Amino acid sequence: MTEIVAILGLPLAGALALALVGERRFAPVINVGVSLLTWLASIALTARVIIDGSILALGKLFFVDPFNVFLVALTAFVGFTTAIFSRPYMRIEREHGRVTAARLRLYHSMYQLFNFTMLLALLTNNMGILWVALEAATLTTVLLVSLYRTPASLEAAWKYFILCGVGIAQALFGTILLYFAAEKVLGVEGGALLWTELNSVKSQLEPTVLSLAFVFLYAVIRSKVLVEGALQTSFAKGLLMGFGLLSVVVAAFLLSRQRDIKRLFAYSSIEHMGIITFAFGMGGPIANFAGLLHMTVHSLTKSAIFFAAGHAAQKAGTQMMDGIRGLVTVSPLIGWGLALGSLAILGMPPFGVFASEFLILTSAMREQPWATPLLLLALGVAFAAVFSKVQPMVFGETSVARLPQRPAMTPVFVHMAIVLMLGLWIPPFLADWYRQAAKLIG
């Protein structure tokens with residue numbers, strides 16, 4: 001219980017404090033410190049779950065098991081390393097006049113509030129609170145995206161708000177349907193939106209209503225467990241595999257059209273989310289294990305890439321790839337960080353993405369052979385698109401002088417070191433953790 005209070009209380013308190021002093025010179029230190037303490041609290045919670053098993057706290061309001069505690073620890077760790085990266089990055093932005101004191105205060109406070117909403121979404125046992133947390137996360141993200149108040153950032157913020165708003169509205173409809181199905185079994189005061197209560201009576205839930213709710217719900221993996229228990233069919237698996245494969249193929253072909261470095265890797269994230277969704281759709285111990293591993297290495301690799309890409313765009317003064325050339329000459333650390341991150345995310349051995357994709361592909365060959373050619377085609381197209389665009393950015397000719405300041409690249413190489421390790425060796429405790437989580441999600 002103490003660990004959960006710390007994980008949620010620290011970023012919430014940090015958001016309130018930084019809303020008052022977020023423009024001060026010591027504000028980035030507070031941001032890093034709060035993020036570090038949050039991560040340490042997540043480690044303590046992880047240790048407790050490993051030792052004592054699943055936890056219900058505060059009258060069943062919070063539920064922690066090996067599956068979501070893994071996501072909590074991963075989210076808190078990336079939040080900590082991102083805070084380290086943003087400390088010098090935002091200082092340079094302020095020195096160049098791109099952000100004002102008020103916007104810097106907004107950035108730091110919304111950063112911690114976003115962490116709070118994401119961790120609340122992962123820890124809550126109540127599907128209604130989960131919806132509220134994701135809605136709050138959307139709103140904080142909109143404020144962060146629109147931070148610069150330029151036409152491009154405002155356009156991106158509105159697009160994000162509209163797309164996520166549609167998704168959140170659909171998720172609310174799915175949540176209402178879920179409550180409608182559960183209320184008949186659990187009663188009005190029977191915790192009809194508590195996931196643990198729903199899981200205990202999943203075989204009694206109305207199959208038709210639950211299958212319709214699943215189409216709109218957002219807690220996909222948790223909901224998959226409920227739908228499979230209610231329907232006793234492969235409906236949820238088929239839906240996840242279909243949409244996952246569609247995301248992989250569409251995103252792979254859209255990669256070749258991107259000219260903005262951040263959009264390039266954003267579409268790459270869509271591709272990898274499709275791979276993860278497809279893996280969880282297949283189900284089973286190996287595919288679920290591979291999906292969890294891919295979730296881990298993708299989170300670490302892609303955040304490292306965005307750290308390097310952020311520095312590259314900041315130094316070049318543009319996010320357009322044709323304006324970023326010869327990074328190994330301009331700044332070797334940025335250039336090699338982006339190169340290693342790109343090779344890792346493209347599935348080159350011996351990085352962890354190769355290991356997880358290999359497990360997913362071999363599982364598909366055995367369980368869903370029809371999907372294997374599509375996966376291989378999409379991965380090949382994505383490789384060609386990303387490699388052809390990143391190579392000149394890193395090794396091309398440039399007329400820009402070598403950058404005098406040393407970029408904050410430690411988080412990039414820490415992430416890449418972990419991804420490399422997971423490609424060569426998975427610590428036994430982590431492998432056991434993955435196996436427990438894989439068993440829980442079917």
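1. Salt bridges to start with. This is a predicted model, and the structure holds 12 salt bridges. One of them pairs the side chains of Arg-105 and Glu-23, at 3.2 Å from N to O. Arg-105 sits in helix H4 (residues 101-123), while Glu-23 is in the loop between helix H1 (2-21) and helix H2 (27-52), so this pair ties together parts that lie 82 residues apart in sequence. The two ends differ in cover: Glu-23 is buried, with a relative accessible area of 16%, whereas Arg-105 is partly exposed at 26%.

2. Next, Arg-259 and Asp-322. Their side chains meet in a salt bridge too, at 3.3 Å from N to O. This pair links distant parts of the chain, with Arg-259 in the loop between helix H10 (235-255) and H11, and Asp-322 in the loop between H12 and H13, 63 residues apart. Asp-322 counts as exposed, since its relative accessibility of 52% is over the 50% cut-off.

3. A local pair for contrast. Asp-432 forms a salt bridge with Arg-435, and their closest N and O atoms are 2.7 Å apart. Both belong to helix H18 (residues 428-440), and because they are 3 residues apart there, about one helical turn separates them. Asp-432 is partly exposed at 39% relative accessibility, and Arg-435 is partly exposed as well, with a relative accessible area of 48%. Back at the other pair with a buried end, salt bridges that share partners join Glu-23, Arg-24 and Arg-105 into one network.

4. Now the interior. The largest nonpolar core has 129 residues, and those with the most contacts inside it are Leu-45, Leu-123, Phe-278 and Leu-338. Phe-278 is worth opening in the viewer: leaving aside residues up to four places away in sequence, it touches Leu-240, Met-241, Gly-244, Leu-245, Ile-360, Ala-364, Gln-368, Ala-371 and Leu-375.

5. Helix H14 (residues 332-345) deserves its own point. With 14 residues, H14 reaches 20 Å from its first C-alpha to its last, close to the 20 Å expected at 1.5 Å a residue. The buried residues of H14 are Ile-334, Gly-335, Gly-337, Leu-338, Ala-339, Gly-341, Ser-342, Ala-344 and Ile-345. Leu-338 also appears among the core residues with the most contacts. What covers the buried residues of H14 includes helix H11 (261-282), helix H12 (285-316), helix H13 (327-330), helix H15 (352-367), helix H16 (372-395) and helix H17 (410-424). After H14 comes Gly-347, which has a positive phi, near 85°.

6. On the surface, there is a nonpolar patch to look at. Leu-139, Leu-154, Trp-158, Phe-161, Ile-162 and Val-166 make up this patch of about 570 Å². Helix H6 (residues 151-186) gives the largest share, 5 residues. Leu-139 has its place in helix H5 (residues 127-145). With a relative accessible area of 41%, Leu-139 is partly exposed.

7. One last spot to check is Ser-200, which is found in helix H7 (residues 195-200). Ser-200 is exposed, with a relative accessible area of 52%. Between Ser-200 and Leu-226 there are 9.2 Å in space, C-alpha to C-alpha, and the two are 26 residues apart in sequence.

Key
Residues numbered from 1 in each chain as written. Predicted model: local features only at pLDDT ≥ 70, side-chain atom pairs only at ≥ 80, totals over all residues. Heavy atoms only, no water. Core = buried A, V, L, I, M, F, W, Y, C linked by side-chain atoms within 4.5 Å. Buried < 20%, exposed > 50% of the residue type's maximum accessible area, 1.4 Å probe, protein only. Contact = heavy atoms within 4.5 Å. Patch = residues over 30% accessible without salt bridge, like charges linked within 9 Å, V, L, I, M, F, W, Y side chains within 5 Å. Areas by Shrake-Rupley, 256 points an atom, 1.4 Å probe, with all protein chains shown as cover. Salt bridge = Lys/Arg side-chain N within 4 Å of Asp/Glu carboxyl O. Helix = DSSP H or I, 4+ residues; strand = E, 2+ residues; numbered from the N terminus. Expected span 1.5 Å × (residues − 1).
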